[in-house]
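Thanks for coming. I'll keep this to the cross-links and charge pairs in one protein chain. Here is the structure.

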Amino acid sequence: MALRTLFLTGAAIGAAVLGAAAFGQAKGGPAVYWMSADTVSGFGALAADGGRPSAGAVMGAMMGRGGGGGASYSRTLTLQLGSPQRPAGAPSAEHLPPGGLLAGPSLPLITPQGVARPVGPAQPWSGQMEKPRGRMLIYWGCGEHARPGQPAVIDFASLSAGKMPPAFASAMLKPMTPPSGATFTTYGEWPNERTKSRVPKAGSLVGEHVVRGNYSPEMRFTLGPGQDFLAPVGLTANAPAPSGSVPLVWRPVPGARAWFAATMGSGANGDFVMWSSSEAQAAAMAVDYVAEADLPRLIQQRALMPASADRCTVPAEVARAAPQSMLMLIAFGGEANFVQPKPAGTPASWRPAWTAKLRTKSTHMGLLGMTMPGIDDSAGQGPGDPAQPKKKKSKLGRIRDIMGQ
């Protein structure tokens with residue numbers, strides 16, 4: 001399965017189960033602005049640059065080439081502006097960032113064009129569709145071995161027939177909903193097709209930000225030193241133990257509020273194998289941002305690891321079921337929320353015309369059980385492989401398999 005689709009597939013499966021003219025006071029609610037800042041390392045640093053990286057580029061990233069402090073990483077920033085207002089002409093908006101972001105003096109927030117919208121009830125499809133086949137095996141919890149009762153087995157044919165398995169009985173994760181063209185009258189975003197600029201590794205969000213346009217009020221807010229990109233996640237251990245389990249150890253990330261680890265891969269028989277560090281069985285996987293207000297609850301429920309966590313062991317049964325698995329490790333950061341200041345002397349009925357939010361996380365993506373001190377053609381087999389394999393595969397070969405090259 002290709003690199004960019006592996007975790008998206010698992011996330012999709014889990015989601016399927018789960019004074020108006022002057023903008024003094026907004027009509028239909030305030031304008032809403034979200035900034036999503038992610039520091040991505042490992043494979044994620046390459047995927048963040050767009051396109052499909054080569055296996056050689058992936059190997060270089062995992063060897064630490066092109067990164068600061070011995071680790072390859074990128075900083076990604078997504079800007080989303082939604083407003084209940086409709087402009088008199090073509091929509092136009094921009095974000096004026098602090099100079100320290102190093103992404104240019106103006107980031108244009110472009111309204112996407114050509115987005116298809118429903119025009120009527122969906123028509124039934126008269127053709128024949130092949131019934132989905134295969135299974136998904138769900139494991140959870142850190143430890144040398146999987147606990148009794150694992151894995152939970154999901155049959156895709158039963159799922160398509162509307163039979164909800166016990167593994168999907170409840171979802172503890174509440175997805176965040178950023179502004180979009182489907183939820184606001186007018187919408188703009190960055191990056192977009194008009195600008196190819198990106199945030200360099202040295203870029204910082206600290207400083208004054210101004211957002212303005214012809215369909216939203218002017219927004220001004222300032223981010224402090226603790227409201228910036230998180231540092232990249234750095235794994236210090238990711239190698240199979242004698243039992244076949246894979247102990248993971250990582251360095252602390254300043255500002256991290258919670259941690260989450262997950263793997264996804266395919267077994268030799270075609271089973272789709274998922275594992276998460278959650279100590280509680282859950283259908284959804286925390287591969288996107290998590291609201292800061294939800295972090296304490298999820299830590300208490302042991303769906304997420306606390307900020308102090310620095311290790312977690314992937315059970316041997318998981319590594320054996322899917323030797324070629326993608327590994328994701330996420331540090332969830334905090335939020336910064338802003339609202340239009342209330343002018344002096346305004347009546348009690350006054351409502352703010354805008355709100356703004358910054359959310360942060362740091363994401364590492366790599367291969368489960370692969371250490372990268374060098375390229376070793378004899379170290380390609382995962383835990384649980386036969387004692388006498390026909391042919392051992394190199395690490396570069398495993399990368400090509402994962403990426404579908």
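Start at Arg257: its relative accessibility is 39%, so it counts as partly exposed. This is a predicted model, so please keep that in mind throughout. The side chain of Arg257 meets that of Glu292 in a salt bridge, 2.2 Å from N to O. That pair links distant parts of the chain, 35 residues apart: Arg257 sits in the loop between β11 and β12, and Glu292 in the loop between β13 and α5. Glu292 is also partly exposed, at 22% relative accessibility.

How many salt bridges does a search of the whole structure find? The search gives 10.

Another is between Lys357 and Glu335, at 3.0 Å, N to O. Lys357 lies in strand β17 and Glu335 in strand β16, with their positions 22 residues apart in the numbering. Both ends are buried: Lys357 has a relative accessible area of 14%, and Glu335 has 17%. Elsewhere, Glu208, Glu218 and Arg220 are joined into one network by salt bridges that share partners.

Then there is Arg297 with Asp294, where the closest N and O atoms are 3.6 Å apart. Here Arg297 is partly exposed at 24%, whereas Asp294 is buried at 13%.

Last, the cysteines. The count comes to one disulfide, formed by Cys142 and Cys312 with their sulfur atoms 1.9 Å apart. The torsion about the S-S bond is about -100°, so the disulfide is left-handed. The two cysteines are 170 residues apart, Cys142 in the loop between β5 and β6 and Cys312 in strand β15. Cys312 is buried, at 3% relative accessibility.

Technical notes
Residues numbered from 1 in each chain as written. Predicted model: local features only at pLDDT ≥ 70, side-chain atom pairs only at ≥ 80, totals over all residues. Heavy atoms only, no water. Disulfide = S-S within 2.5 Å. Helix = DSSP H or I, 4+ residues; strand = E, 2+ residues; numbered from the N terminus. Buried < 20%, exposed > 50% of the residue type's maximum accessible area, 1.4 Å probe, protein only. Salt bridge = Lys/Arg side-chain N within 4 Å of Asp/Glu carboxyl O.
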